[in-house]
Amino acid sequence: MAYLTQPDYVRYICTCGQLKPITSLYFCRHCLKIRCGFCICHEVDSHYCPNCLENMPSSEARLKKNRCSSCFDCPSCYHTLSTRASLVQPRQQEGAGDGKVENKHQKKMYYLACFNCRWTSRDVGIPDQPVASGGWPERPNPFATQINQLLEYYKAIALQEKQEKIEKERKKFAIRGKYLTLTDKTGLTGAMARNIAGLPSSDSGSSSIIAKFVPSQASAEVEELPEDYFTKEVNLNQITSMPQRLLSPEWQPTDVSRLHPIAKLLSVKRSQRCRECDHNLTKPEYNPGSIKFKIELLAFYHIPEVKIISYEPMKAGENSTVLLKLSNPTAHEMTLCLMNPEDIPQVDNEEEQLESSLEKSLTLDKESAPCKPAAAPAWRRTAAPCVRAVGPPVRVAVPQRDDAAEYDDDATHDANDVIVWRKANKLGVRLQVATEAGAARGGAALLALALQYSYRNTVPPAANAPNQRNHILYTTALLSLGNVA
Ligand SMILES: [Zn+2]
Ligand SMILES: [Zn+2]
Ligand SMILES: [Zn+2]
Ligand SMILES: [Zn+2]
């Protein structure tokens, strides 16, 4: 496992052309392709509060503006606030009776406190609450009416545009004369359809909202600054920082005394899908407390991992040796062959196909995606490998993963030219590489290494698909071997 600050020395080329470390890649078992966060669909499964782990449906989350109603963050240091209780004595009991009676009448009152910076809700004069959770006063948004007006206005515009589009489509089909629109077929009128969909019953509603809307006016006159603005000494302890202000955009307090607890933002659990075959690549368990996944097709479990052990300095026009560690994460023996990327047999131009299909789905408009000339894959724009493998291709068999062997200490050392040592599902191999004669000194020495590997698919095939379990797959990794000496 890599440290967070460590650069990625080995990056794989995703099917879409992005360069990613193996830990941020997925492997679709149905298309047998590597996928990354850029070329998969992300879906929100559920909303939950990261503090109290309360789960809520998306409609409720929207209603609560994606915030938890019982958990708060410190407005000063953003740490989670804790609820503290203190005993309060009702005034009329003061001095009367013995200790026991007094205790009876003592009442617990709750306030919010930050254990990190010692901010409390008492600092800003929020009254203590008689209940531990919930019941904290909600501050009304001063711009609520204006925001609601804007929302209504844009909803009306969206509705109008949608209707115009429907009209356009209907005309288009009417000209062709071949197809009936759904409303013609079912005898459903536009008004009825709107009714069923819960939209305003007629266009006049939305058009009147649009007509009535008064847009904000920019004004050249602004409030004057107080007279002592430039002369008064500034006490930075009293003034909020920019992030503190922007944390509550409705109020943007400038004074520390006006900071209010901030309702905690909800987190989401998301599942990810392959864009091509629609199968799930990851699917978390529904329970917010669980960090497990029902489906977790990480590349880390399916494709061979390459690590750099050591390398000789790369000199332009000269050969050097690189020591690599190869591991097979699967439960089946893997034959691995290290080669140059140009030796990968080209089936068809799938890479470009995916790229163009990606672009189409990103622009969402098929008509506007022009037929562009074949471009270099995305990774070529940022990386130019100048080191290549030389000599006969390295072909090795890597045993399957064995969890029990993890505890073994000893590795077997081979006197082999290629294999340096073996240990369970890992191999140390020696690879001869050559640096291009024209490589610039001091430039990054990047080695593009293609991996051919055997893969056994354990997914039961679809009903009429051929039952092929063993596949030969290819992937390319870019290895950073320091700078050209
Ligand atoms: Zn990708
Ligand atoms: Zn919560
Ligand atoms: Zn704090
Ligand atoms: Zn797929």
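The exercises below work through metal sites, salt bridges and some single residues of a predicted model.

In this predicted model, local features need pLDDT of at least 70 and side-chain atom pairs count only at pLDDT 80 or more, while totals for chains, interfaces and linings use all residues. Residues are numbered from 1 along each chain as its sequence is written, chains are lettered from A and ligands numbered from 1 in the order in which they are written, and side-chain values use heavy atoms, with hydrogens and water left out.

**Exercise 1. Describe the site of the zinc ion (ligand 1), from its donors to their places in the chain.**

Step 1. Donors are N, O and S atoms within 2.8 Å of the metal (3.2 Å for Na, K and Ca), and since water is not among the atoms, sites may look incomplete. For the zinc ion (ligand 1), the protein donors are the SG atoms of Cys-14, Cys-16, Cys-36 and Cys-39, at 2.2 to 2.3 Å.

Step 2. The angles that these four donor atoms subtend run from 102 to 116°, and therefore the arrangement is tetrahedral (four donors count as tetrahedral if all angles lie between 85 and 135 degrees). As a reference, the ideal angle for four tetrahedral donors is 109.5 degrees.

Step 3. Along the sequence, the donor residues of the zinc ion (ligand 1) have the spacing C-x1-C-x19-C-x2-C. Distant parts of the chain are linked by the pair Cys-14, in the loop between strand 1 (10-13) and strand 2 (19-20), and Cys-39, in the loop between strand 4 (33-36) and strand 5 (40-48), which are 25 residues apart; helices (H or I, at least four residues) and strands (E, at least two) are DSSP runs, numbered from the N terminus.

Step 4. Both Cys-14 and Cys-39 are buried, where buried means under 20% relative accessible area, exposed over 50% and partly exposed in between (1.4 Å probe, protein chains only).

**Exercise 2. For the zinc ion (ligand 2), work out which residues are its protein donors and how they are spaced.**

Step 1. The SG atoms of Cys-49, Cys-52, Cys-68 and Cys-71 are the protein donors of the zinc ion (ligand 2), lying 2.2 to 2.3 Å from it. Their angles of 104 to 113° make this arrangement tetrahedral.

Step 2. The spacing of these donors along the chain is C-x2-C-x15-C-x2-C. Cys-52, in the loop between strand 5 and strand 6 (55-56), and Cys-68, in strand 7 (residues 67-73), are 16 residues apart and link distant parts of the chain.

Step 3. Cys-52 is partly exposed at a relative accessible area of 35%, whereas Cys-68 counts as buried at 2%.

**Exercise 3. Determine how the zinc ion (ligand 4) is coordinated, and whether Cys-274 and Cys-277 are buried or partly exposed.**

Step 1. Coordination of the zinc ion (ligand 4) comes from the SG atoms of Cys-28, Cys-31, Cys-274 and Cys-277, at 2.1 to 2.3 Å. The donor angles lie at 102 to 117°, so the arrangement is tetrahedral.

Step 2. In sequence the spacing is C-x2-C-x242-C-x2-C. Cys-274 is buried, with a relative accessible area of 0%, while Cys-277 is partly exposed at 24%.

**Exercise 4. Find the partner of Glu-276 in a salt bridge, and then examine two further salt bridges.**

Step 1. A salt bridge is a side-chain nitrogen of Lys or Arg within 4 Å of a carboxyl oxygen of Asp or Glu, and the structure holds ten of them.

Step 2. Glu-276 forms one with Arg-35, whose closest N and O atoms are 3.5 Å apart. This pair, too, links distant parts of the chain, with Glu-276 in the loop between strand 11 (267-274) and strand 12 (280-284) and Arg-35 in strand 4, 241 residues apart. Glu-276 is partly exposed at 43% relative accessibility, whereas Arg-35 is buried at 1%.

Step 3. Asp-128 and Arg-122 meet through their side chains at 2.7 Å, N to O, and Arg-122 is partly exposed, with a relative accessible area of 38%.

Step 4. The side chains of Glu-169 and Lys-172 meet at 3.9 Å, N to O. Because Glu-169 and Lys-172 are three residues apart in helix 3, about one helical turn separates them. Glu-169 is partly exposed at 36%, as is Lys-172 at 43%.

Key: Tetrahedral: all angles 85-135°; square planar, octahedral: opposite > 155°, others 65-115°.
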